[in-house]
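Subject: Structure handover

Hi,

Here is the structure for your next round of work. Please open it alongside this message, and my notes follow below.

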Amino acid sequence: MIFNIQRFSTHDGDGIRTIIFYKGCPLRCQWCSNPESQSTEPGIMYDPKICKRFGDCIKADPGAVKMNRHGVQINRSAIVHPEKFRDICLSRALTIVGEHKSVDELLLEIEKDIPFYHRSNGGVTLSGGEPLSQGADLVILLRELKKRNIDVSVETTLYVNWLKVERCLGLIGTYLVDLKHTNREKFRLYTQGNIQLVLDNLKKLADSQENIIIRIPVIPEFNHSEHEMKRIIDFAASLNHIREIHFIPYHALGIEKYAMLGMDYIFGPKKPVEHSELSGYAQYAQSKGFNSRIGG
Ligand code: SF4
């Protein structure tokens, strides 16, 4: 399931890229700026700021949607078929996040920009969510892209069974791997995941001689300290064939989406991390032989 396709992106890989955002992520990072990506199911997003109170959503499901003086109130747990809300809201205040796209539909979208990929050394970036957690269609898509000589990057947490990674070896040009921490307790507390799976997969991927760029999201209270960051960089330095680390400063841009999805932002308000706070980390990475960059 896809929740967005973004054309003409110049982030998340080289050149001009089409970014495919997959739904479904096995982690629940407290700071996640794409909360709509976490569930594998379609989500209902409601933005009261642009609601015109036409009430078409109430007609679609009067048992689950009510109107009061604050706007539309949605009882998401009472909605069995979110699809009935798709495209019913003229003001686009209520939208359905997530739709199935076949491999052919994705290729049709991707192929529109082939001349731009070739001229700019660009291509396709698979993002999410966790793209590697997708089913067999992912590998079919990767094989089709390889046939067309279209470069693929993937943004991944590697928090998946190794078999899901192994099936993609040789089909992905660059793995942009999130390495968030090395401490088991801290990782579980803030993401509900087990860091050992990430560390083991990253080691296997590095041993497979794939092209890997490490991306470290720098998150206040979670890993934004000299001690924790040195451990993360030291782990990366212990692996084969990895020469590049990017430090991604925390921002709070996704917070509004939590309320729009009926979710709680349990991370709480934090100050965004400034680029200038990361120069010491970048220098340490360089001292360990990495090319380092601040920002994506
Ligand atoms: S891994 Fe990424 S998409 Fe998944 S919960 Fe964490 S921040 Fe969100």
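Start at Ile20, which stands opposite Leu126 in β7. One position back, Ile19 stands opposite Thr125 in β7. Please keep in mind that this is a predicted model.

Those pairs sit in a longer match. Strand β2 (residues 17-22) and strand β7 (residues 123-127) run parallel, with five bridges joining them. β7 has a second partner, strand β8 (residues 151-156). That pairing is also in the parallel sense, over four bridges. Leu126 turns up again here, standing opposite Val154 in β8. How well is β7 covered? Mostly: five of its five residues are buried.

A general point for reading the strands: side chains in a regular strand alternate between the two faces of the sheet.

Now the whole sheet. It is open, has eight strands and shows mixed pairing. The order is β1-β2-β7-β8-β9-β10-β11-β12. Which strands form the edges? They are β1 (2-9) and β12 (291-294), each pairing on one side only. From one strand to the next, the twist averages 20°. Helix α10 (residues 279-287) packs on this sheet. α10 touches β11 (244-249) and β12, and its direction makes about 170° with that of β12.

Next, a helix pair. Helix α2 (residues 103-111) packs with helix α4 (residues 136-147) at an angle of about 40°. Their axes are 10 Å apart. Is the crossing left-handed or right-handed? For α2 and α4 it is right-handed. On the α2 side, the contact involves Val103, Leu106 and Leu107. On the α4 side, they meet Asp137, Ile140, Leu141 and Glu144. By class, this contact has five nonpolar, no polar and two charged residues.

Last, the ligand, which may interest you for your own calculations. Which residues are around it? Here is the list, split by stretch of the chain:

- Cys25, Leu27, Arg28, Cys29 and Cys32
- Asn34, Ser37 and Gln38
- Gly128, Gly129 and Thr157

By class, the shell around the ligand has four nonpolar, six polar and one charged residues. The charged one is Arg28. The nonpolar ones are Cys25, Leu27, Cys29 and Cys32.

A good route through the model is β7 with its partners β2 and β8, then the α2 and α4 contact, then the ligand shell.

Best regards

How values were computed. Residues are numbered from 1 along each chain as its sequence is written. This is a predicted model: local features need pLDDT of at least 70, side-chain atom pairs count only at pLDDT 80 or more; totals for chains, interfaces and linings use all residues. A residue is near a molecule or strand if its C-beta atom, placed from the backbone, lies within 6 Å of it. Axes are lines fitted to C-alpha atoms, for helices over the stretch in contact, and angles run from 0 to 180 degrees between N-to-C directions. Helices (H or I, at least four residues) and strands (E, at least two) are DSSP runs, numbered from the N terminus. A crossing is left-handed if the near helix is turned anticlockwise from the far one by less than a right angle, and right-handed if clockwise. Two residues are in contact if their C-beta atoms, placed from the backbone, lie within 7 Å. Two strands pair if DSSP finds at least two bridges between them. A residue is buried if 20 or more other C-beta atoms lie within 10 Å of its own, exposed if 12 or fewer, and partly exposed in between; C-beta atoms are placed from the backbone.
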